[in-house]
Amino acid sequence: MQGKAKKVKVKMSPMAKREERWAWLFIAPPFLGFVLFMAYPICFALLASTSRWTGMNSLMGNLSGLRNYAEIMADPKFWKSLGTTVIYLIGIPIGMILGILIAMGLNRGIKGKRVLTTMYYVPVVSSLVAVSILWAWVFNYDYGLFNTIIKALTGRHGPNWLGDEHMVKVAMIIFMTWKGLGTSIILYLAGLQNIPRDYYEAAEIDGANGVKKFRHITLPLLSPVTFYILITSLIGGFQVFVEVQVMTTNGGTNYSAATVVYYLYDKAFNNNQLGYGCAVATILALIIFLITAFNFWGQKKWVKTID
C-alpha cells in the first residue's frame, strides 16, 4: 500500500512574485469598479425593492417584503406602460427592414455613398434630448412640419400627434425608427461587404435570380448581424425614457405614451417611492434577461455563419 504523496510547495522566484503583484495591481481597478458601480448597486436595489424606502427614511427600518411587487402587479398603470413599451418595439422590425434595404442600395457603390452614410448615422450620435425637442416641433399640432405638409396636400388639418392617445404611439415609433436607423444601416453594410462574391457568382451560374440570391445567400449570411441588432434593439427598446419625458407631458394623455422606465421614474422621483422604483427596475431587469436568454437559446436555429 502506497503512502499518500507529499505535497511539494514550490517557492516562487522574486521575479514571479513581482509579476504577481503587478498582475493584482492591474486587476484591482476594474474589479473595484465592478464591485462599486455594478455589484453593490444591484444588491442595494434588490434590498431596497423589499422596503418602503423614500431616500429620507431608514431602509432597514422599513422593510416590507414583497409588498411592492404585489402592488406593482395590481397597478393598471404598470401594465399599461408595459403594453405601450411592447407596442414601441414594432419599430424594431421596421428599422431592420429599412436598414437592410438602404444598406443594399449603398453597397452598390453609388455616388455620394460616404455622404449618405454619414447623413443616416448623424441621428445616432446626436443628443437624444436635442433630437427629441426637434421632433416635438415636427409633430406639433398647430405648426408642425407633418401637419403643414398634410394640410398643403389634403386641405385638412393633420392629427394631434402627441396629444391623441393612439397617434402618440405612432409618433414615437416613427421617431425611434428614425433615431436607430443609422446603426442598422452601418452594421448591415459592413455585413454585406463581408459576404464573399463567390457565393453570388456560383448562384448566378446555377440560374438564381435576385430574389433567390437575397433569400438563400444574403439573409442567412447577415443573420449574425440581424441577431446582434435584434438583441441590442430589444434591450434599448425596454429602456425608452428620454423621448417620453421630453416629447410628452406627464407620459401623454391618460398615460398613453408612458413606458416602464417612465413609470419607474414617475414612482421613484415624482412620488418619492424609491423602494417601489427599485422593485420596478428589478422586474424590468428580469424581463430583459428572460427575453435575451430566449433569443440566445433560439439563435442556434436561424443564425448562420460563413464557413
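**Note on a predicted model: salt bridges, core, surface patch and helix 13**

1. Glu 71 forms a salt bridge with Arg 67, with 3.4 Å between the closest N and O atoms, and this is a predicted model, so the distance is a computed one. Both residues of this pair, Glu 71 and Arg 67, belong to helix 2, where they stand four residues apart, about one turn of the helix. An α-helix has 3.6 residues a turn, so residues three or four places apart point the same way.

2. Glu 71 also meets Arg 52 in a salt bridge between their side chains, at 2.5 Å from N to O. This second pair links distant parts of the chain, since Glu 71 is in helix 2 (residues 67-74) while Arg 52 is in the loop between helix 1 and helix 2, 19 residues apart. Arg 52, Arg 67 and Glu 71 are thus linked in a network of salt bridges. As for exposure, Glu 71 counts as partly exposed at 31% relative accessibility, and Arg 52 is partly exposed as well, with a relative accessible area of 25%.

3. How many salt bridges does a search of the whole structure find? The search finds four, and one of them joins the side chains of Glu 204 and Lys 213, at 3.0 Å from N to O. The two partners of that bridge fall into separate exposure classes, because Glu 204, at 43% relative accessibility, counts as partly exposed, whereas Lys 213 is buried, with a relative accessible area of 16%. The cut-off behind this reading is that buried means under 20% relative accessible area.

4. Turning to the interior, the largest nonpolar core has 63 residues, and those with the most contacts inside it are Phe 139, Leu 162, Tyr 188 and Met 247. Helix 8 (residues 167-193) gives the most to this core, contributing 11 residues. Phe 139 can serve as an example of the packing: leaving out residues up to four places away in sequence, Phe 139 touches Phe 146, Trp 161, Leu 162, Ala 171, Ile 174, Phe 175 and Met 247.

5. Helix 13 deserves separate attention, because eight of its 11 residues are buried, so that this helix is largely enclosed by the rest of the structure. The buried residues of helix 13 are Val 260, Val 261, Tyr 262, Tyr 263, Leu 264, Asp 266, Lys 267 and Ala 268, a list that includes Asp 266 and Lys 267. These buried residues pack against helix 3 (76-88), helix 12 and helix 14 (274-298). Just after helix 13, Asn 272 takes a positive phi of about 60 degrees.

6. Thr 259 is placed in the loop between helix 12 (242-247) and helix 13 (260-270). Is Thr 259 buried or exposed? Thr 259 is buried, with a relative accessible area of 1%. Not counting residues up to four places away in sequence, Thr 259 touches Ser 81, Thr 85, Tyr 88, Val 240, Phe 241 and Val 244.

7. Another threonine, Thr 292, lies in helix 14 and counts as buried at 18% relative accessibility. With neighbours within four places in sequence set aside, Thr 292 is in contact with Ile 231 and Ile 235.

8. On the surface there is a nonpolar patch with about 1,200 Å² of accessible area together, formed by Trp 24, Ile 27, Phe 31, Leu 32, Phe 34, Val 35, Leu 36, Phe 37, Met 38, Ile 42 and Leu 46. Ile 27, one of these residues, lies in helix 1 (residues 14-48) and is partly exposed, with a relative accessible area of 44%.

9. Phe 44 is also found in helix 1, where it is partly exposed, with a relative accessible area of 29%. Phe 44 touches Trp 53 and Leu 59, not counting residues up to four places away in sequence. The C-alpha atoms of Phe 44 and Leu 59, which are 15 residues apart along the chain, are separated by 9.9 Å.

10. The count of disulfides comes to zero. Cys 43 is in no disulfide, the nearest cysteine sulfur being that of Cys 278, 12 Å away, and the cut-off for a disulfide is a pair of cysteine sulfur atoms within 2.5 Å. Cys 278 is buried, with a relative accessible area of 14%.

Definitions and conventions. Residues numbered from 1 in each chain as written. Predicted model: local features only at pLDDT ≥ 70, side-chain atom pairs only at ≥ 80, totals over all residues. Heavy atoms only, no water. Core = buried A, V, L, I, M, F, W, Y, C linked by side-chain atoms within 4.5 Å. Buried < 20%, exposed > 50% of the residue type's maximum accessible area, 1.4 Å probe, protein only. Helix = DSSP H or I, 4+ residues; strand = E, 2+ residues; numbered from the N terminus. Contact = heavy atoms within 4.5 Å. Patch = residues over 30% accessible without salt bridge, like charges linked within 9 Å, V, L, I, M, F, W, Y side chains within 5 Å. Areas by Shrake-Rupley, 256 points an atom, 1.4 Å probe, with all protein chains shown as cover.
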